[in-house]
Amino acid sequence: MDNPTPATTPKALWEGSGVRTVLDKLNAELIGLTPVKRRIADIAALLLVDKLRQLEGLQSQPPSLHMCFTGNPGTGKTTVAMRMAEVLKQLGYVRKGHLVAVTRDDLVGQFIGHTAPKTKEIIKKAMGGVLFIDEAYYLYRPENERDYGQEAIEILLQAMENHRDDLVVILAGYKDRMDTFFSSNPGMASRIAHNIDFPDYSEGELMQIADLMLERLNYHFDDDARAAFAHYIHLRRQQPHFANARSIRNALDRIRLRHATRVLEADHALTREQLTTLQAADILASRVFNSGASH
Amino acid sequence: MGNMDQPQQITDAKKRYSAGVLKYAQMGYWDGDYVPKATDILALFRITPQEGVDPIEAAAAVAGESSTATWTVVWTDRLTACDMYRAKAYRVDPVPGIPGQYFCYVAYDLSLFEEGSIANVTASIIGNVFSFKPLKAARLEDMQFPVAYVKTFAGPPTGIVVERERLDKFGRPLLGATTKPKLGLSGRNYGRVVYEGLKGGLDFMKDDENINSQPFMHWRDRFLFVMDAVNKASAATGEVKGSYLNVTAGTMEEMYKRAQFAKELGSIIIMIDLVVGWTAIQSMSNWCRQNDMILHMHRAGHGTYTRQKNHGVSFRVIAKWLRLAGVDHLHAGTAVGKLEGDPMTVQGYYNVCRDTHTKVDLQRGIFFEQDWGALRKVMPVASGGIHAGQMHQLIDLFGDDVVLQFGGGTIGHPQGIQAGATANRVALEAMVLARNEGRDIKNEGPQILRDAAKWCSPLQGALDTWGDITFNYTSTDTSDFVTTPSVS
Amino acid sequence: MRITQGTFSFLPDLSDEQIGKQVEYCLDKGWAIGIEYTDDPHPRNTYWDMFGMPMFDVRDAAGIMLEVTACRKTFPQHYIRVTAFDSTHGTESVVLSFIINRPAKEPGFRLIRSEEPGRTIRYSIESYAVQAHAEGERY
């Protein structure tokens, strides 16, 4: 066998495909999620090798690329979907690489004859890219036999089958509800090639996320504040409606409000340090510390 | 020209207005520090002063003679706000690479001009100065009109966008041909050529500039036969078709009469020659605006102004005047055909016709920015010695908004006029299709044409006949510029 | 006869692949795309019926081709054209328009001449198909 030229070594192809850049970006912008990132890299590797195999005439059937992202809110599903779309574009599996993110309301109509045009409109816009359906299980409402969601599902199934070259669909939502949805919609389940589970963030990861968010906003915690916020995370995680990174962002927004009110009470000129430092008092005023029941 | 001695205006009124002869610069027609106002009209002249005449004094003379000056001092100046009425030469640069020639910039106050009158603009700017003795030669290279003045003109009665909407033809250049031979065809024979060309695939046929109402074919006969041909071709193809009926005549009354008859017969377009003059052009433009008629301008005679590089008026200025005066079609050169014109310079003329806002573009001979104030756009016409084999070059140079006129290239086709028209239309559509598909038509053009000719024998015939013909002469009009100004 | 309205009527009928490439060209330019159909192809019949509204936010030609296919399926014997709209100031009009479907048989137009004094003739054009049948039953 001939020695492969440098341009055709797998490593060179990998570097040249631009996938590496996208994965690096994903690494930089999302803390943790190690298993998810590994799965994305695996899928990218598989798709690249598929291309090589096609060149050798080994396999000609286009791979099914529809995916399901399961996990609690705020675990990075939408962000990963956007990067996935970029990866697919770099590898030539979708032409445009844009992401159209929708929920049930965008697909399902209010009256007879309303649903098909709505769903088709969304599919039209997503062609050449990725259609991301958040909380996809709401499409299926078994309690109502005449629910128009079923019609949307059928049109989606058709598009997923007939336009595999034009469209990748990613369904997303809580794991348990997604499982129920698939068990009642086996047609949908059979068309999903990759299931990726997004774990909840650990307390340490949530702290890192907070630091990253603050860094981008030009704020930082002092030592007491850091300790207070670690405690905050610990308490908040056990409370209802916890939404991982999203809850952290919301908490930081409220902390910044309290910081602003506090520093305005000063009777001297504010230093740069004062404008950027969050203190324990800004955090400890949160209701999370009052009781385990409210937040 | 920082190194020249700056002549000083004489500001002491007693000295300035004592009887006698003063230098123009001393009279105040030169002001090297003048910063043109947003409302000034600007002109750029290329001047060749006589031996021994200082370029700044020559520039001042140009400013003087194109505004208030006369050869001697007149006391009646002092009854006016003469400082304002004086045009000001404010910059003189040597023309790069051509010793003895200078670019001189002159600013004119808006109050010097009558609103909506190209006759007045031309009488001022080119009225006197071109016969002026201290200059060997002078050429008006470019002009800038403040948007306030632009808005005093109605501009093209139809414009590119509306013309396309009326014709229902989009996304490709329009196709035309001039009926040939120019002279001698009877009305009946003339209409035959029109029908064949239009049925074969052209959008327009055209009268030539000197087809008026001669003994061999009176105008009414021409109009009647031509319109029968136009309507028959329209029914045969399902397309809107037209033939530019030349209404050029000896008097305005006669032109209006002919235009009226063209309208009654259902023509969508009439034509006039540049030689009818600015006032007649603006009058016919008004008539066209009132009668939903496209106005085609044949630039007959322009070469007497535009041809010489050192003397006359550049065509880009004529094109600006005509856009203000209000014509819809304007012959603006081909760059690849039999008539003169360097490709970049010709593109400059096209941009003047079609821009919403023209930017300074020295390579294309555009010295001034021009805000067109939402004036409609003129459809440029490329006509003269072009054929189907050059389709890729023409589309690459000029884009979609142009009428490509293949006179000889249609009527001279060995298989007949319809075949000639079809060859052009197929070449055109194949090239636009290929360009839109992302192909590099500049280089792949000949192959695209050969591929289309495989299923279109008229195109094969055209390529066999003219495929190799090019007109390569040294251009007589290139723009002189250096990318970085050499003048300190 | 073959009606030669539209940008590409002198070429052989475009394949779906060719149509897709033209659509892609339009989308790249940021133009909106509409699909229109008619059974009255008079040269001055400007307002063909719209098969849905012009599409403004579609990113890929495949999205438009879904509608092209649907329109052809609904109106197989009508004239159908793809029309692109450019909203740029100074244009704000149609910038490309080409026929992508036509009836199997095109009877064409009759030229009606009414003579008037002074050898003047008034012309009108009438479609044989339109004259023969009501809308929707013409081809």
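Two strands are taken to pair if DSSP finds at least two bridges between them. On this basis, the predicted model contains in chain A an open sheet of 5 strands, arranged in the order E2-E3-E4-E1-E5 with parallel pairing. The edge positions are held by strand E2 (99-102) and strand E5 (194-198) of chain A. Each of these two has a single partner strand, so one side of each is left without a neighbour in the sheet. Neighbouring strands of this sheet are turned against each other by 20 degrees on average, direction ignored.

Within the order of the chain A sheet, E3 is followed by E4. Strand E3 of chain A spans residues 130-134 and strand E4 of chain A spans residues 168-173; the two pair in the parallel sense over 5 bridges. One residue pair illustrates the register: Phe132(A) has Ile170(A), in E4(A), as its bridge partner.

In chain B, attention turns to strand E14, which comprises residues 379-383 and is mostly covered, with 5 of its 5 residues buried. The cover extends to both faces of E14(B). On one side lie Met379(B), Val381(B) and Ser383(B), and on the other Pro380(B) and Ala382(B), all of them buried.

E14(B) also takes part in two parallel pairings. Strand E11 of chain B, residues 329-331, pairs with E14(B) in the parallel sense over 3 bridges. Here His331(B) has as its bridge partner Val381(B) of E14(B), a residue that is itself among those buried on E14(B). With strand E15 of chain B, residues 403-405, E14(B) likewise forms a parallel pairing over 3 bridges. In this case Ser383(B) stands opposite Gln405(B) in E15(B). The connection from E14(B) to E15(B) passes through helix H15 of chain B, residues 391-398, and the resulting β-α-β crossover is right-handed.

Beyond these elements within single chains, the model shows an interface between chain B and chain C, in which 32 residues of chain B are in contact with 31 residues of chain C. On the chain B side, the elements that give two or more residues are helix H7 (159-167), helix H9 (219-237) and helix H17 (417-436). The largest share of this side comes from H9(B), which supplies 8 residues. Classified by residue type, the side of chain B that touches chain C has 12 nonpolar, 9 polar and 11 charged residues.

Terms used
Residues are numbered from 1 along each chain as its sequence is written. Chains are lettered from A and ligands numbered from 1 in the order in which they are written. This is a predicted model: local features need pLDDT of at least 70, side-chain atom pairs count only at pLDDT 80 or more; totals for chains, interfaces and linings use all residues. Two residues are in contact if their C-beta atoms, placed from the backbone, lie within 7 Å. Helices (H or I, at least four residues) and strands (E, at least two) are DSSP runs, numbered from the N terminus. Ala, Val, Leu, Ile, Met, Phe, Trp, Tyr, Cys and Pro count as nonpolar, Asp, Glu, Lys and Arg as charged, and the others, Gly among them, as polar. Axes are lines fitted to C-alpha atoms, for helices over the stretch in contact, and angles run from 0 to 180 degrees between N-to-C directions. A residue is buried if 20 or more other C-beta atoms lie within 10 Å of its own, exposed if 12 or fewer, and partly exposed in between; C-beta atoms are placed from the backbone. A crossover is right-handed if, with the strands pointing away from the viewer, the path from the first strand over the helix to the second runs clockwise.
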